[in-house]
Amino acid sequence: MTKPSLPELLHAAVAAVGGTERPGQVTMAETVAEAIDDGSHLLVQAGTGTGKSLGYLVPALAHGERVVVATATLALQRQLVERDLPRTVDALHPLLRRRPEFAMLKGRSNYLCLHRLHEGMPQEEEEGLFDQFEAAAPSSKLGRDLLRLRDWADETESGDRDNLTPGVSDRAWAQVSVSSRECLGATRCAYGQECFAEMARERAKLAEVVVTNHALLAIDAIEGAPVLPQHEVLIVDEAHELVSRVTGVATGELTPGQVNRAVRRAAKLVDEKVADQLQTAAEGFERLMELALPGRLEEVPEDLGYALMALRDAARTVISALGSTRDKSVQDEDAVRKQALASVESVHDVAERITNGSEYDVVWYERHDRFGASLRVAPMSVSGLLREKLFTDRSVILTSATLKLGGDFNGVGASLGLSPEGTQGDDLPVWKGVDVGSPFDYRRQGILYVAQHLARPARDGARGDMLDELTELIEAAGGRTLGLFSSMRGAQAAAEELRGRLDMPILLQGEETLGELIKNFAADEETCLFGTLSLWQGVDVPGPSCQLVVMDKIPFPRPDDPLMSARQKAVDEAGGNGFMAVAATHAALLMAQGAGRLVRASGDRGVVAVLDPRLATARYGSYLRASLPDFWYTTDRNQVRRSLAAIDAAAKEKGAQDA
C-alpha cells in the first residue's frame with residue numbers, strides 16, 4: 001500500500017475536527033514535516049485561526065517517532081488531549097494503518113499522593129504525622145476541600161489536579177500532594193503500585209505523543225535527571241512563553257518562613273546541637289531580612305554573605321545527620337525524613353548558589369505586603385542553557401501566533417540561544433523562521449489607533465487625559481471593551497473612575513476568578529473588562545463582546561525590575577542595544593499578544609487603541625508597530641470614534657435580527 005501523502009492526512013484530520021483547511025495550515029504542516037525529516041529546527045509563526053495544532057500534529061504523527069509537545073497553558077493541554085489528539089488519531093488510523101497512543105505528563109506535585117492522603121502529612125511542631133482531615137474543621141473551606149479530595153481520590157483515574165472540577169485552593173492541594181524531592185519513591189512507598197504520578201510516567205513511556213508543559217520541559221533540561229521519555233521530536237507550542245517559564249524554574253528563593261519550616265521539620269530527627277546550629281543561622285538570616293530593601297544586589301553585602309554561609313554550612317550538617325540517624329519513635333519516619341530533607345536541601349542549594357556568586361546570576365531582594373521579604377536569584381539569561389539543552393539530539397519546532405518581532409525572528413531566536421537566521425558554524429543549531437500568515441484580513445477587520453495627542457505617560461503619574469480618552473472610546477464602542485493595563489494599580493484606578501462616569505458594567509481582574517470574569521464579559525455586549533498581565537494573552541472572546549481592545553501604555557518592564565534591568569545592562573556592556581534587546585522585545589511580545597485579542601474569528605471587527613503617543617512618535621515605535629497584526633493605522637481621533645460607532649451600530653442591528 002502506498003504511503004499516504006501529507007495533504008491527504010491533513011485533509012482527513014481537518015474534516016474530523018470539523019474545521020476548514022487553510023493555506024497557512026498546509027504551509028505549516030509541510031515546513032514542520034521538512035524540519036522533522038532533516039533533523040533541523042523551525043520557528044513558525046501561525047496567526048490565530050490557522051489551526052496550528054493540526055499543522056504540527058499531523059506531520060508529527062505521520063513521522064512515526066516519539067514526539068513531546070510542550071505547551072504553556074492548561075487550556076491548550078486539555079484541548080490537545082481531550083479534543084485534537086483523539087479525533088486526529090481516529091481520522092488518521094485508516095490511512096496510517098496504526099493508532100498512535102498519546103499521554104499527558106506533568107510534574108509530580110500535580111498528582112494526588114495516596115501516601116499523603118491516607119497516612120497524613122508530617123506535623124510541623126510535634127512528633128509524627130497528623131490527619132489533615134481530622135485537623136481541619138469540616139465546616140471550614142479547607143475542611144470541605146479536603147473531604148471532596150478524599151471522595152475524588154476513590155473515583156479519579158488520573159489523580160491529576162486539573163481534572164478536579166471545581167478546583168480546590170493551593171493550601172488544600174498541598175495537604176495531599178508531594179514535590180519530587182519529598183516523594184518516597186515507588187519502591188519504598190506502600191502505595192507505589194497505585195501511584196498516579198508513576199502511572200502517568202508509565203503511560204508516557206508507551207505513548208508516541210507525550211503532552212507536557214513548559215515547566216516540566218525546563219526541569220528536564222536543568223536538572224540533568226531526565227523526567228521526559230526519550231524522544232526524536234520536540235514541539236513547543238505557545239513558544240513566546242518559553243523563556244519566562246524556563247527562567248521561573250531556574251529561579252531560587254529564600255524566605256525566613258521557608259527557612260524556619262526547614263528548621264522545624266529537621267529538629268525532631270537530628271540531635272539538639274545540630275538542630276541548634278541551623279536554628280541560630282535561621283535567626284541571623286531572619287534579622288537581616290527584616291531590614292531588607294527591595295532591589296538588585298550587584299554584590300552580596302558582607303553581613304548577608306556571612307548569614308548565607310552560616311545557613312549553607314548548618315544545612316549541610318543537618319543533611320549529613322539526617323542520612324545517618326534513625327528514630328523509630330517517629331511515626332512513618334521515612335515520610336517525615338524525606339520531607340525534612342527536601343526542605344533543608346532547598347535552603348542549602350539556594351544559600352550555596354548565592355554564596356558561590358556567579359556572574360551569570362542576578363540576586364535581589366523583594367518585599368511583599370503579605371509575605372514579607374524574600375531573597376531571589378535567577379539566571380541573567382537562559383539562552384545558553386536553551387541552546388545547549390534544547391537544540392541537541394532532536395528536531396525542535398517552536399510555534400506561536402507571536403514569534404516575529406519588528407519584522408523578523410532574530411529577536412526571539414536570540415532569547416532561545418539561536419544565532420541570527422542563516423548564520424553558519426560548527427556548533428550552531430541550524431534553524432529557519434517561517435510566517436504562515438493568518439486566515440484573517442487584518443486591514444479590513446481592524447484598526448490600530450494611537451492617541452498621539454495625549455501627554456507621554458509619566459511613571460505612576462495621574463493620567464486625566466488618558467481617562468477622558470478611554471471614556472469617549474468606550475462610549476463610542478457601546479461597551480464591548482477589553483482594557484489591558486501595564487499595572488494593576490492602573491487597572492484599578494481606571495475601573496474606579498469609569499464606574500462613576502459610565503452607565504455600563506466594568507469588571508476588574510481580581511474581583512472574581514479569571515474564568516468567571518471572561519464568561520461574564522463574553523455574555524453581555526455592554527460589559528467592559530479591565531485587567532493586567534494574564535488578560536494580555538489569556539482571553540478568547542470572538543464576536544461583538546470584544547470590539548475595542550485598549551492598551552493604556554506600552555508595556556515596558558518596570559525600570560526597577562531587577563532581572564530585566566540587569567539583562568538590559570549586560571547587553572549594553574557587551575556592545576549591544578540593551579533597551580531594544582530586552583525592554584522593546586518584552587513590550588513587542590506583550591503588545592502582539594494583546595492586539596491578538598481583537599480578531600478571533602473571520603467576522604470580527606474592531607479597534608486596538610494604544611493610549612501612549614510614543615507608539616507614533618518614538619524611534620522604537622516603528623519596531624513595535626511592525627510586531628503587531630497588519631491593521632489599518634490611524635492617529636485621527638475623530639475617525640476612530642466614527643468607526644467604533646459604526647461597528648457598534650452594526651453589532652446592535654445584527655443582534656436585533658438574530659433575536
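Trainee: Is D393 buried or exposed?
Mentor: This is a predicted model. D393 lies in the loop between helix 16 (383-390) and strand 12 (395-400). Over 50% relative accessible area counts as exposed. D393 has 76%, so the residue is exposed.

Trainee: What is the phi of D393?
Mentor: Most residues other than glycine have a negative phi. D393 is not a glycine, yet its phi is positive, at about 65°.

Trainee: Is R480 buried or exposed?
Mentor: R480 sits in the loop between helix 19 and strand 15 (481-484). Its phi is positive, about 50°, although R480 is not a glycine. The cut-off for buried is under 20%. With a relative accessible area of 2%, R480 is therefore buried.

Trainee: Which residue with a positive phi follows helix 1?
Mentor: Look just past the helix, which spans 6-16. The phi there is near 70°. The residue is G18.

Trainee: Which residues of helix 1 are buried?
Mentor: Start with what covers them. The cover includes helix 2 (23-38), helix 3 (52-63) and helix 4 (74-96). The buried residues of helix 1 are L6, L9, L10, A12, A13 and V14.

Trainee: Is K3 buried or exposed?
Mentor: K3 is in the segment before helix 1 (6-16). Its relative accessibility is 71%. The cut-off is over 50%, so K3 counts as exposed.

Trainee: How many Å apart in space are K3 and G500?
Mentor: In sequence, K3 and G500 are 497 residues apart. In space, taken C-alpha to C-alpha, they are 66 Å apart.

Trainee: Is K106 buried or exposed?
Mentor: Place K106 first: the loop between strand 3 (102-104) and helix 5 (114-119). Its relative accessibility is 4%. Under 20% is the cut-off, so K106 counts as buried.

Trainee: Which residues does K106 contact, leaving aside its neighbours within four places in sequence?
Mentor: Two of the partners make polar contacts through their side chains. The side chains of K106 and D160 are joined at 2.9 Å, and those of K106 and D162 at 2.5 Å. The full list is L74, Q77, Y111, D160, D162, N213 and L216.

Trainee: Which residues does a cis peptide bond join?
Mentor: Most peptide bonds are trans. Here omega is about -10°. One partner, P166, is in the loop between helix 7 (141-155) and helix 8 (170-174). The bond joins T165 and P166.

Trainee: How is helix 10 placed against helix 11, and at what angle do their axes cross?
Mentor: Helix 10 covers residues 214-222 and helix 11 covers 242-249. Their axes come within 9 Å and cross at roughly 55°. That makes helix 10 oblique to helix 11. The crossing is right-handed, and its angle is roughly 55°.

Trainee: Which residues of helix 11 meet helix 10?
Mentor: From helix 10 come H214, A215, L217, A218, I219 and I222. By class, this contact has eight nonpolar, one polar and one charged residues. The helix 11 residues are L242, R245, V246 and V249.

Trainee: At what angle do helix 23 and helix 24 pack?
Mentor: Helix 23 spans residues 562-573 and helix 24 spans 578-595. Their axes are 7 Å apart. The angle is about 150°.

Trainee: Which residues of helix 24 make the contact with helix 23?
Mentor: Helix 23 offers M564, R567, Q568, V571 and D572. By class, the contact has six nonpolar, three polar and two charged residues. The helix 24 residues are G578, F579, A581, V582, A583 and H586.

Trainee: Is E469 buried or exposed?
Mentor: E469 belongs to helix 19 (residues 464-477). Leaving aside its neighbours within four places in sequence, E469 contacts Y449, A451, H453, L454, L611, R637 and R641. At 1% relative accessibility, E469 counts as buried.

Trainee: Which residue's side chain is joined to that of H453 by a polar contact of 2.9 Å?
Mentor: H453 is in the loop between strand 14 (446-450) and helix 19. At 39% relative accessibility, H453 counts as partly exposed. Leaving aside its neighbours within four places in sequence, H453 is in contact with E469 and R637. The polar contact is with E469.

Trainee: How many Å separate the C-alpha atoms of H453 and D612?
Mentor: Along the chain, H453 and D612 are 159 residues apart. Their C-alpha atoms are separated by 9.0 Å.

Key
Residues numbered from 1 in each chain as written. Predicted model: local features only at pLDDT ≥ 70, side-chain atom pairs only at ≥ 80, totals over all residues. Heavy atoms only, no water. Axes fitted to C-alpha atoms, helices over the stretch in contact; angles between N-to-C directions. Helix = DSSP H or I, 4+ residues; strand = E, 2+ residues; numbered from the N terminus. Parallel < 35°, antiparallel > 145°, perpendicular 65-115°, else oblique. Left-handed = near helix turned anticlockwise from the far one by under 90°. Contact = heavy atoms within 4.5 Å. Nonpolar A, V, L, I, M, F, W, Y, C, P; charged D, E, K, R; others polar. Buried < 20%, exposed > 50% of the residue type's maximum accessible area, 1.4 Å probe, protein only. Polar contact = N/O pair within 3.5 Å; in protein donor to acceptor, adjacent residues only side chain to side chain.
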